[in-house]
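Got the viewer open? Let's take a walk through this protein, one selection after another.

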Amino acid sequence: SKWESDQAFPETEKLITLSEKFGCTVDELIKGNAEDSFASDNAGYDKEMNRFTAAICAGTAVVMTGLSLMLLLNGLFADLSGKEGTQQLSTVFVGIFLLFVAIGAAIFIVGGIRHGQFVKDNPNIVPFYTDRQKKSFRNKFPVLIATATVLVLVGVIIVVILGGLGTPENMSEDNFGTLTALPLIVCVTVAAPIFIYAGMQYSKYDIESYNKENNPDKTPREKLPSAICGAIMLTAVIAFLLMGFLGELWHIGWVVFPVGGILCGIISMFFSTKEK
């Protein structure tokens with residue numbers, strides 16, 4: 001009765017015996033929750049979330065790599081074959097970029113379908129992450145975000161420095177502008193998957209939100225944020241393709257994606273705050 005009312009702790013020998021009996025550590029008996037030791041990931045939630053995160057990161061990296069390659073080829077070779085040849089080469093380079101887009105889209109589709117099936121089969125997950133696991137990633141999260149942010153800033157700084165050097169005599173202004181923007185695109189290509197990984201892994205540990213998000217009894221109002229975000233990102237893709245094909249603005253068209261991501265974040269925060 002003294003143990004249960006926190007008036008006294010068991011003796012060391014009894015603590016060791018109890019820890020062996022219940023299959024947990026002495027620390028968990030004294031200052032933790034021994035039930036955490038028995039929680040298990042029977043549905044394979046952690047493996048699936050890691051796999052889904054990897055798919056989204058990989059798809060994004062492939063698309064951004066295709067964009068970087070297209071800009072590099074345009075900047076290096078577009079001036080070497082005259083006006084007509086330049087147009088032909090640009091078409092070839094756009095085709096290469098679209099090939100990367102197709103590969104990225106395939107990764108997105110496969111990962112999305114598999115994840116959707118997992119969510120359908122497992123709409124409710126029993127929490128199993130320990131406080132130690134959650135705390136460990138929360139300590140890594142700011143480092144990941146800071147690293148990705150610094151990468152983008154480094155890209156911006158390089159672009160500013162190159163822009164101040166002036167256009168070389170043997171290169172057109174348009175091609176030099178394309179090559180100038182390339183360092184930023186490369187930095188974003190590396191930073192974007194880091195941002196995505198950090199965000200998706202952070203959400204992974206919030207199983208309560210996962211259960212709430214995938215509740216089959218959700219009202220249309222509760223489904224509204226996801227629908228709006230989906231529409232925003234679809235609009236971003238259309239805008240990017242229109243800017244590229246109609247205005248040949250591939251080198252700056254990528255901006256629509258971070259803008260769309262920011263808008264989705266604002267909408268999610270708005271509905272979350274309103275709900276609270």
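Before anything else, a word on how the elements are named: helices (H or I, at least four residues) and strands (E, at least two) are DSSP runs, numbered from the N terminus. With that in hand, read along the chain from the N terminus, and the elements go α-α-α-α-α-α-α-α-α-α. That makes ten helices and zero strands. Keep in mind as you look around that this is a predicted model.

**Whole view**

Start with everything shown. Of the 276 residues in the protein, 30% are buried. Switch on a surface if you like: the accessible surface comes to about 17400 Å², and 65% of that belongs to carbon and sulfur atoms. Now think about contacts. Among those with a separation of 6 or more, residues 24 or more positions apart account for 75%.

**Into the core**

Select Met64, Leu67, Met70, Leu71, Phe97, Ile185 and Phe240. These are the residues with the most contacts inside the largest nonpolar core, which has 17 residues. Which helices each supply at least two residues of this core? Colour helix 3 (45-77), helix 4 (82-121), helix 6 (173-204) and helix 8 (220-247), and you have them. Helix 3 gives the most, with six residues. There is also a second, separate core of eleven residues; pick out Val119, Phe137, Ile207 and Tyr210, which are among them.

**Two stops on helices 3 and 4**

Next, click on Thr53, which sits in helix 3. Buried or exposed? Its relative accessibility is 2%, so Thr53 counts as buried. Leaving aside residues up to four places away in sequence, Thr53 touches Tyr197, Met200 and Gln201.

Then hop over to Ile96, in helix 4. Ile96 is partly exposed, with a relative accessible area of 27%. If you skip residues up to four places away in sequence, what Ile96 touches is Leu69 and Leu73. Try a distance from Ile96 to Leu69: C-alpha to C-alpha, they are 8.3 Å apart in space, with their positions 27 residues apart in sequence.

**Follow the rings**

Time for aromatics. The count comes to eight aromatic pairs. Begin with Tyr45 and Phe128: their ring centres are 6.1 Å apart and their planes stand at 80°, so this pair is edge-to-face. Tyr45 belongs to helix 3, while Phe128 is in the loop between helix 4 and helix 5 (131-165), so the pair ties together parts that are 83 residues apart in sequence. Both Tyr45 and Phe128 are buried.

Move on to Phe137 and Phe141. Here the ring centres are 6.4 Å apart and the planes are at 50°, so the pair is tilted. Phe137 and Phe141 are four residues apart in helix 5, which separates them by about one helical turn. Phe137 is buried, at 6% relative accessible area, whereas Phe141 is partly exposed, at 24%.

To see how these rings join up, select Tyr45, Phe128, Tyr129, Phe137, Phe141, Tyr202, Tyr205 and Tyr210 together: ring pairs link them into a cluster.

**Charged partners**

How many salt bridges does the count come to? Three, and you can visit each in turn.

- Show Glu11 and Lys14, whose side chains meet in a salt bridge (3.4 Å, N to O). Glu11 is exposed, with a relative accessible area of 52%, and Lys14 is partly exposed, at 39%.
- Show Lys204 and Asp46, which form a salt bridge with their closest N and O atoms 3.0 Å apart. Lys204 is in helix 6 and Asp46 in helix 3, so this pair ties together parts that are 158 residues apart in sequence. Lys204 counts as buried, at 3% relative accessibility, but Asp46 is partly exposed, at 22%.
- Show Arg51 and Glu48, with side chains meeting at 2.9 Å, N to O. Both lie in helix 3, three residues apart, about one turn of the helix. Arg51 is partly exposed, at 36%, while Glu48 is buried, at 4%.

**Last stop: cysteines**

Finish with Cys57 and Cys187. Cys57 counts as buried, at 12% relative accessibility, and Cys187 is buried as well, with a relative accessible area of 11%. And disulfides? The structure holds zero of them.

Key:
Residues are numbered from 1 along each chain as its sequence is written. This is a predicted model: local features need pLDDT of at least 70, side-chain atom pairs count only at pLDDT 80 or more; totals for chains, interfaces and linings use all residues. Side-chain values use heavy atoms; hydrogens and water are left out. A disulfide is a pair of cysteine sulfur atoms within 2.5 Å. Buried means under 20% relative accessible area, exposed over 50%, partly exposed in between (1.4 Å probe, protein chains only). A nonpolar core is a set of buried Ala, Val, Leu, Ile, Met, Phe, Trp, Tyr and Cys residues joined through side-chain atoms within 4.5 Å. Contact means heavy atoms within 4.5 Å. Rings of Phe, Tyr and Trp (its six-membered ring) pair if their centres lie within 6.5 Å; planes under 30 degrees apart count as stacked, over 60 as edge-to-face and the rest as tilted. Accessible areas come from the Shrake-Rupley method with a 1.4 Å probe; for residues, only the protein chains shown count as cover. A salt bridge is a side-chain nitrogen of Lys or Arg within 4 Å of a carboxyl oxygen of Asp or Glu.
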